[in-house]
Amino acid sequence: MPDVVRLGIVGTGSITLRGLLPHLTMEDVQDRVRVTAVCDPVVERAQAAAAKFGVPAAYASMEEMLEAGDVDAVSIASPIGFHFQQGMLAVEHGVHVHFNKTMTTTVDEADQLIARAAEKGVKLVSSPGEMLNPRLQAIKALIDQGALGTLTWAVTGATFGRYHENEARVRHGTDPLSNVNPAWYFRRPGGGPLYDMTVYGLHAMTGILGPAKRVTAFSGVRIREREFQGQMLPTDMDDQTLMVLDFGDAFFAFVYGVAAGGLPNMGRPLIFGTRGVINGDTLNGEPIDFPGREIAQQYGYTATLPHVVGKHREMEEAHVYEDVMQLVDWIREDKPTVATAEHARHVIEIIDAAYRSAETGQAQTLRTTF
Ligand SMILES: NC(=O)c1ccc[n+]([C@@H]2O[C@H](COP(=O)([O-])OP(=O)(O)OC[C@H]3O[C@@H](n4cnc5c(N)ncnc54)[C@H](O)[C@@H]3O)[C@@H](O)[C@H]2O)c1
């Protein structure tokens with residue numbers, strides 16, 4: 001077991017520049033993890049990121065990075081359509097993997113990855129590790145104790161809006177670190193609001209309520225092109241999906257990933273029962289108690305995650321840093337995590353099944369649990 005995990009980062013776009021590199025190059029974590037390499041096909045971006053954050057090596061491809069042999073683990077932060085192939089490549093090299101959501105786009109790919117990683121003794125951690133959050137753990141405990149009576153239905157979802165076209169500092173400049181084009185978010189495979197955004201609510205919902213049993217959905221493309229810096233970016237991946245999950249025994253959930261417009265005042269997730277409702281951090285309008293509640297009020301929920309301490313609390317995208325540190329602890333101390341590949345696979349199956357349901361007009365029975 002290495003004392004200091006040597007980490008490579010695959011893709012030096014928005015989340016790497018705003019989240020992974022700022023957190024993982026902070027002084028306080030250098031005794032546990034060191035970013036030793038980055039790679040990006042836009043090699044000037046990889047080089048500029050390496051120079052800015054003091055990373056020793058920058059490569060044009062993941063293959064070159066792995067061949068150089070200076071990484072024990074990678075964090076994959078490329079467009080989602082590459083994650084399966086790149087995850088398999090790391091596994092074949094015996095390199096541990098953290099996936100920035102989503103791990104793969106289909107359940108069959110997730111099966112292959114998990115099986116091969118087990119054969120190779122490789123550890124997989126998949127974002128988003130929502131159930132690391134003390135607020136969601138407290139909600140799960142309340143529900144398990146019967147605070148909502150008999151559960152009746154639940155809601156979660158997310159809205160693309162123009163978030164990725166407008167991301168601060170990385171999309172609208174002229175140099176390689178500030179001109180990252182978000183076109184892939186709207187293309188197949190891997191684009192669309194479900195894999196990128198609704199995935200958070202689905203992790204939280206299934207983390208609290210357990211695995212779903214069936215899915216049915218409508219889905220399609222509503223906004224066919226999006227303006228970005230004077231060009232029109234085409235959309236061929238569905239940007240509108242409304243689905244219903246069946247948890248069994250007539251307990252259902254409504255889940256959406258849409259181009260614009262969200263439900264008002266919706267916590268992540270909203271859960272109803274015969275004795276009331278959990279919304280955000282309230283039970284029937286009263287605050288829920290959880291460890292770090294005061295910290296959350298000051299800095300937000302991510303500041304209550306176990307590794308998000310000190311300066312990390314004030315920095316953006318601390319949840320991705322937390323998930324990487326879950327892998328680091330697992331490698332160094334053999335400490336397992338709840339941000340498992342199996343949980344990610346179940347969420348991926350829900351999304352994959354929603355698209356299949358929309359195509360076929362048939363409800364899909366789910367086969368995975370976690
Ligand atoms: N942007 C966010 O707010 C955010 C937050 C959390 C997680 N994420 C996740 O992080 C991942 C990356 O998102 P992003 O917003 O940083 O994307 P981005 O478009 O900003 O950057 C992607 C980078 O990957 C590079 N790239 C393209 N093909 C590649 C390949 N084959 N190998 C390596 N690199 C390649 C691109 O050149 C670009 O630099 C996604 O999985 C996303 O869901 C994003």
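The following legends describe close-up views of a predicted model.

Residues are numbered from 1 along each chain as its sequence is written. In this predicted model, local features need pLDDT of at least 70 and side-chain atom pairs count only at pLDDT 80 or more, while totals for chains, interfaces and linings use all residues, and side-chain values use heavy atoms, with hydrogens and water left out.

**View 1. A salt bridge within helix H6 joins Asp144 and Lys140.** A salt bridge is defined as a side-chain nitrogen of Lys or Arg within 4 Å of a carboxyl oxygen of Asp or Glu; by this rule the count comes to 23. For Asp144 and Lys140, the closest N and O atoms are 3.1 Å apart. Both residues belong to helix H6 (residues 134-144), with a spacing of four residues, about one turn of the helix. Helices (H or I, at least four residues) and strands (E, at least two) are DSSP runs, numbered from the N terminus. Asp144 is exposed at 54% relative accessibility, whereas Lys140 is partly exposed at 29%. Here buried denotes under 20% relative accessible area, exposed over 50%, and partly exposed the range in between (1.4 Å probe, protein chains only). Side chains of opposite charge can pair when their charged atoms come close.

**View 2. Arg171 and Glu167 form a buried salt bridge.** The N to O distance between the two side chains is 2.7 Å. Arg171 has a relative accessibility of 2%, and Glu167 has one of 5%.

**View 3. Glu316 and Arg169 connect distant parts of the chain.** Their salt bridge has its closest N and O atoms 2.3 Å apart. Glu316 sits in the loop between helix H9 (293-299) and helix H10 (318-333), and Arg169 in the loop between helix H7 (163-166) and helix H8 (193-209), with 147 residues separating the pair. Glu316 is partly exposed, at 33% relative accessibility, while Arg169 is exposed, at 56%. Through shared salt-bridge partners, Arg18, Glu167, Arg169, Arg171, Glu316 and Glu317 are joined into one network.

**View 4. His98 is a buried residue of strand E5.** Strand E5 spans residues 96-99, and the relative accessibility of His98 is 0%. The side chains of His98 and Ser127 share a polar contact of 2.8 Å. Such a contact is a pair of N or O atoms within 3.5 Å; within protein, one must be able to donate a hydrogen and the other to accept it, and residues adjacent in sequence count only if both atoms are side-chain atoms. Leaving aside residues up to four places away in sequence, His98 touches (heavy atoms within 4.5 Å) several residues, including Val74, Ile76, Val125, Val320, Asp323 and Leu327.

**View 5. Leu209, Met243 and Leu245 touch the most other members of the largest nonpolar core.** A nonpolar core is a set of buried Ala, Val, Leu, Ile, Met, Phe, Trp, Tyr and Cys residues joined through side-chain atoms within 4.5 Å; the largest has 42 residues. H6, H8, strand E8 (214-220), strand E11 (240-246), strand E12 (252-258) and helix H11 (341-360) each contribute at least two residues. H8 gives the most, with nine residues. Beyond residues up to four places away in sequence, the contacts of Leu245 include Leu202, Met205, Phe252, Val255 and Ile350. Another core, of 35 residues, lies apart from this one and has Ile9, Ile15, Val33 and Leu132 among its members.
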